[in-house]
Amino acid sequence: MPQPDLTLTPAGPALAPRYDDFARTTDTARPYVPATRTSSPRPHDPARTTGGPARTADAPVRTTDDPARKAGGPGRPAVGARNPYRLLFARPGTRAFAAWGLIARLPAGMFGVSAVIMIAAVYDSYALAGAVTATGLAVGSVTAPLIARLVDRHGQARIAVPAAAYATLGHLVLALCVHERAPVWALFATVALTATSPNTGGMSRARWAHMLRDDPGALHTANSFEQAADELCFMLGPVLAAVLCSALFPQAGTLAAAALFLGGTLLFAAQRSTEPPVAPRTPAGSPLRAPGMVPLLAVFLATGAVFGSMEVVTLAYVDGPVAGPVLALQAAGSCAAGLLYGRARRTARLRTCLAAMTVLMALPLLAASAGSLLALAAGLLVAGMATAPTMVTGMGLVQRLTPADRLNEGMTLAVTALLAGIATGSASGGWAADHAPFPSFGFLIPLAAATTALALCAARDAAAGMTKARRSW
């Protein structure tokens, strides 16, 4: 039997509430206070005289400051709601798990860059550095869905903490091997130990999905925030890693990322009040068996190729110290668009988002053809604005297609497909940069990848329409 969690109250130690203790008040953002039952209704109750439902003392009374009335709540129109993010984080426990989850995710943008810098500095080979990091990514694509399946089966805290500790140990051993200039085979062996990293972003989205299961509007805002947080991590992480490795010593980026990752994961897992309960197992099987899931993962694969190829071809085109800041503008545009998309009252279809991405990916190509670095920076900023809405809409589809008892596994499969696409796009972009007949040739790769993703999504929608038509016959 799990031990109860304790918290400090003005009256002394008390049991900390689990999620189910306040699930009834997720649309009110107020602590749940059990009501006392009285033997008789209140005198002069207007509801009794007008024939409406009688209000007794055990019915909680809403006040004018109730956030659910301002936000509308499930099925209610919004009344005076100005900032949906403020209402979102007015819910109990949301600020804590969102903040620690953001810290735990920041190293995701640091580990790869740190490994490349420290291996290249000691072994004087970028080819070796790229091969080692690619090996870690390949092993992680296999282990990540398995870790997510264990999280769904046993709970986030029980699996994420030991998995994060084991992955942190792998990163520390890799840094030690590089420092001691160990044989090359040792680098490939130790980088495989880092592949147990839990998907903190997926666990955070699972908490929102369970907490807001009856409020699709608030869930859309939460998913938009999570996507903006991802973009922020991948915008700041590489810069922080590069600064630490260059200003201190080659292993500084890896050591700092390991500390942030383990500490953030521990504190994220400690937020037990918002941890979703383990759902009972169903015979639904793997999320891959869900209708439409495999074609959707193919769309994620092609979308990842857009991101991977754009990064490499931009670095090759700019080829200088300003390459990093110029490339970061794409993530900045995506982060801003994600936050704005979360405030929207309506969501777009995935095919519409991909069509917008395809059109906007032509802007960097046109800017590079003109030979203007400022135009390229502006083109990347605008093109990045299509990223977050596409990912938010795609992740929303994954949440709807995945069985409730396998939600973490389903979202991790989407992330795995995305990472595989990034690796493929990086390789394609590198080849295009080396064999470019003209300087802007490489920017054709992300445009082609976006077009492929749009075509795959259209084919998926057409297949779903034909299946629905057959069922109606």
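## A partly exposed residue in helix α11

With a relative accessibility of 46%, V243 counts as partly exposed, and its place is in helix α11, which covers residues 216–247. Although V243 and G253 are ten residues apart in sequence, their C-alpha atoms are 8.1 Å apart in space. These values, like those in the rest of this report, come from a predicted model.

## The chain as a whole

The secondary structure of the chain comes to 20 helices and two strands. Of the 473 residues in the chain, 45% are buried. If one takes the contacts between residues at least 6 apart in sequence, 79% of them join residues that are at least 24 apart.

## The nonpolar cores

In soluble globular proteins, nonpolar side chains tend to be buried together. The largest nonpolar core in this model has 63 residues, and the members that touch the most other members are W208, L212, F300 and M361. Helix α13, which spans residues 293–318, gives this core its largest share, namely twelve residues. There is also a second, separate core of 14 residues, and among its members are A175, C177, A182 and A186.

M361 can be followed further through its contacts. When residues up to four places away in sequence are not counted, M361 touches V306, M310, Q330, A383, P446, L447 and A450. One of these partners, Q330, has its place in helix α14, which runs over residues 323–343. Is Q330 buried or exposed? Q330 is buried, because its relative accessible area is 10%, and the cut-off for a buried residue is under 20%. Leaving aside neighbours within four places in sequence, Q330 is in contact with M310, M361, L380, G384 and T387.

## Helices α15 and α16

Two packed helices are described by the angle between their axes and the distance between the axes. For helix α15 (residues 350–360) and helix α16 (residues 362–370), the axes come within 4 Å and cross at roughly 0 degrees. Because angles under 35 degrees count as roughly parallel, α15 is described as roughly parallel to α16. The residues that meet are T358, V359 and L360 in α15, and A362, L363 and P364 in α16. By kind, the residues of this contact divide into five nonpolar, one polar and no charged.

Which residues of α15 are buried? They are L350, C353, L354, M357 and T358. These residues cover an arc of only 140 degrees around the axis, and therefore they lie on the same side of α15.

## L360, at the end of α15

L360 is found in helix α15, and with 22% relative accessibility L360 counts as partly exposed. Apart from neighbours within four places in sequence, L360 is in contact with V382, A383 and A386. A383 also appears in the list of residues that M361 touches. The C-alpha atoms of L360 and L447 are separated by 8.7 Å, although these two residues are 87 residues apart along the chain.

## A370 and S440

A370 has its place in helix α16, and at 59% relative accessibility this residue counts as exposed. S440, by contrast, is buried, with a relative accessible area of 5%, and it is placed in the loop between α19 (407–434) and α20 (444–472). How many residues apart along the chain are A370 and S440? They are 70 residues apart along the chain, while their C-alpha atoms are separated by 8.9 Å.

The surroundings of S440 can also be described by its contacts. If its neighbours within four places in sequence are left aside, S440 is in contact with Y317, L365, A368 and S369.

## A positive phi at R181

Most residues other than glycine have a negative phi, and most peptide bonds are trans. R181 is not a glycine, and yet it has a positive phi of about 50 degrees. The place of R181 is in the loop between α8 (156–179) and α9 (184–191).

Methods
Residues numbered from 1 in each chain as written. Predicted model: local features only at pLDDT ≥ 70, side-chain atom pairs only at ≥ 80, totals over all residues. Heavy atoms only, no water. Axes fitted to C-alpha atoms, helices over the stretch in contact; angles between N-to-C directions. Parallel < 35°, antiparallel > 145°, perpendicular 65-115°, else oblique. Contact = heavy atoms within 4.5 Å. Nonpolar A, V, L, I, M, F, W, Y, C, P; charged D, E, K, R; others polar. Buried < 20%, exposed > 50% of the residue type's maximum accessible area, 1.4 Å probe, protein only. Arc of directions from axis to C-beta. Core = buried A, V, L, I, M, F, W, Y, C linked by side-chain atoms within 4.5 Å.
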